[in-house]
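Work through the following exercises with the sequence and the coordinates at hand. Each task is followed by a worked solution.

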Amino acid sequence: MLELYDIIVIGGGAAAASAVLTAKNRGKSVAVVMNGEETSSLYKAEMITNYPGLQPMSGRELAALFRRQIEERADDVIRGRALSVMPMDEVFGVAVGNDYVSGRALILAVGITRENLYPGEGEYLGRGVSYCATCDGMLYRGKTVAVIGGGKEAAEDADFLESIGCRVIRLRQNGKYEIRGAMKAELVVFRGEEIPVDGVFILKDTVSVTRLVPGLIYRDGGIVTERDMSTSVPGVFAAGDCTGKPYQLAKAAGEGNIAALSACAYLEAR
Ligand SMILES: Cc1cc2nc3c(=O)[nH]c(=O)nc-3n(C[C@H](O)[C@H](O)[C@H](O)COP(=O)(O)OP(=O)(O)OC[C@H]3O[C@@H](n4cnc5c(N)ncnc54)[C@H](O)[C@@H]3O)c2cc1C
């Protein structure tokens with residue numbers, strides 16, 4: 001049987017590290033889902049000079065410190081990209097590649113994720129378009145699916161879909177794909193060629209947070225939260241750059257701390 005954690009934290013930067021440290025100090029079991037550090041904003045920062053208590057250091061160095069703290073304190077660290085969150089009866093299931101982790105509360109600390117959708121991607125999401133072979137692959141058994149993406153993860157998901165009996169068209173080239181259809185996705189169009197499909201799996205490097213969790217409310221590109229970092233979805237809290245400006249480390253760490261305390265209070269009230 002899969003372990004059910006008190007809290008799942010998605011992220012690996014300042015907000016996530018702060019949330020993990022606080023939740024662990026409050027005695028909660030915590031699993032963290034974190035993508036490669038090169039996908040965080042901090043990794044790109046040349047020098048950090050305004051984080052209290054630390055001498056100036058490069059973004060990479062500070063990112064490594066946050067990750068080490070997460071690895072030392074979290075009960076479980078799943079490396080990879082969270083693909084989708086499924087809320088079910090006060091439990092949140094998070095799909096990560098072909099893995100799956102579940103918890104009773106969720107803290108989103110995913111930084112800034114930019115919308116960069118193919119034409120038709122948003123329109124047909126859940127109607128033939130999916131980001132998760134593990135979640136939706138079985139729906140396409142015996143059918144034809146396109147897997148768009150050039151990375152290792154896309155290749156693994158294409159292999160997985162073949163193993164469960166899908167006919168897989170691998171679309172590895174970079175470029176502008178378009179998804180068309182009527183009630184559901186029926187065609188992938190690439191460089192003028194129309195490819196008939198029953199489903200499309202899109203595996204980019206990042207998943208916009210607007211696609212990750214159903215039911216969240218956004219304003220000016222950030223997840224709307226209360227002062228206690230709770231979101232419009234009960235049991236889901238958010239912290240850091242993903243809640244909006246200012247994009248600053250001290251704000252991210254502070255919000256991670258508040259989100260963890262609020263998640264603990266939410267769990268203790270149940
Ligand atoms: C060039 C540059 C310079 C900067 N300089 C400064 C500065 O001097 N001072 C300052 O205070 N701030 C600075 N910032 C801003 C600072 O880096 C951010 O405010 C801070 O990193 C936000 O922390 P965070 O934890 O919210 O997000 P991030 O640090 O972006 O971390 C988010 C994490 O979530 C992970 N993630 C995202 N989606 C998923 C998913 N689906 N599944 C699993 N993991 C996921 C990412 O891999 C990443 O590790 C700078 C930013 C840039 C780009």
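The model is predicted. Seven helices and 16 strands make up its secondary structure elements.

**Exercise 1. Overall dimensions**

Task: Decide whether the radius of gyration of the protein agrees with that of a compact globule of 270 residues.

Solution:
- Step 1. For 270 residues, a compact globule would have a radius of gyration near 18 Å.
- Step 2. The protein has 19 Å, which agrees with the globule value.
- Step 3. For the extent along the principal axes, take the box filled by the C-alpha atoms, which is roughly 55 × 45 × 30 Å.

**Exercise 2. Burial, contacts and charge**

Task: Describe the burial of the residues, the sequence range of the contacts, the exposed surface and the placement of charge.

Solution:
- Step 1. Of the 270 residues, 50% count as buried.
- Step 2. Take the contacts between residues at least 6 apart in sequence; 60% of these join residues at least 24 apart.
- Step 3. The exposed area is about 13200 Å², and 49% of it comes from carbon and sulfur atoms.
- Step 4. There are 30 positive and 34 negative charges, and their mean positions lie 2 Å apart.

**Exercise 3. The parallel sheet**

Task: Give the strand order of the open sheet of four strands, and find which strands stand at its edges.

Solution:
- Step 1. The order is β7-β13-β8-β9, and the pairing is parallel.
- Step 2. β7 (129–130) and β9 (167–171) each have a single partner strand, so they stand at the edges, and one side of each is left without a neighbour in the sheet.
- Step 3. The partner of β7 is β13 (residues 199–202), with two bridges in the parallel sense.
- Step 4. To locate this pairing in the residues, note that Ser130 stands opposite Phe201 in β13.

**Exercise 4. Strand β5 and its two partners**

Task: Trace the antiparallel pairings of β5 with β4 and with β6, and identify the residues with positive phi in the two hairpins.

Solution:
- Step 1. β5 covers residues 91–96, and five of its six residues are buried.
- Step 2. Strand β4 (residues 82–88) runs antiparallel to β5, and six bridges join the two.
- Step 3. On the β4 side, Pro87 is placed opposite Phe92 of β5.
- Step 4. The hairpin of β4 and β5 has two residues between the strands; in this hairpin Asp89 takes a positive phi near 45°.
- Step 5. β5 also pairs antiparallel with strand β6 (residues 99–108), over five bridges.
- Step 6. Here the bridge partner of Phe92 is Gly103. Phe92 is thus placed opposite Pro87 on one strand and bridged to Gly103 on another.
- Step 7. The hairpin of β5 and β6 likewise has two residues between the strands, and Gly97 takes a positive phi near 55°.

**Exercise 5. Glu121**

Task: Is Glu121 buried or exposed, and which residues does Glu121 touch beyond four places away in sequence?

Solution:
- Step 1. Glu121 lies in helix α3 (residues 121–124).
- Step 2. Its relative accessible area is 1%. The cut-off for burial is under 20%, so Glu121 is buried.
- Step 3. Its contacts beyond four places in sequence are Val129, Tyr131, Ile179, Ile202 and Lys204.

**Exercise 6. Two loop residues**

Task: Place Gly175 and Tyr140 in their loops, then compare each relative accessible area with the cut-offs.

Solution:
- Step 1. Gly175 is in the loop between β9 and β10.
- Step 2. With a relative accessible area of 37%, Gly175 is partly exposed, because that class runs between the limits of 20% and 50%.
- Step 3. Not counting residues up to four places away, Gly175 touches Tyr118 and Phe190.
- Step 4. Phe190 also stands opposite Tyr177 in the pairing of β10 and β11. That pairing is antiparallel over five bridges, and a hairpin of three residues joins the two strands.
- Step 5. Tyr140 lies in the loop between α4 (133–136) and β8 (144–148).
- Step 6. At 10% relative accessibility, Tyr140 counts as buried.
- Step 7. Outside its sequence neighbourhood of four places, Tyr140 touches Gly128, Val145, Cys166, Asp198, Gly199 and Phe201. Phe201 is the residue of β13 that stands opposite Ser130.

How values were computed
Residues numbered from 1 in each chain as written. Predicted model: local features only at pLDDT ≥ 70, side-chain atom pairs only at ≥ 80, totals over all residues. Heavy atoms only, no water. Rg over C-alpha atoms; globule rule 2.2 N^0.38 Å. Buried < 20%, exposed > 50% of the residue type's maximum accessible area, 1.4 Å probe, protein only. Contact = heavy atoms within 4.5 Å. Areas by Shrake-Rupley, 256 points an atom, 1.4 Å probe, with all protein chains shown as cover. Lys, Arg positive; Asp, Glu negative; His and termini not counted. Charge placed at Lys NZ, Arg CZ, Asp CG, Glu CD. Pairing = 2+ DSSP bridges.
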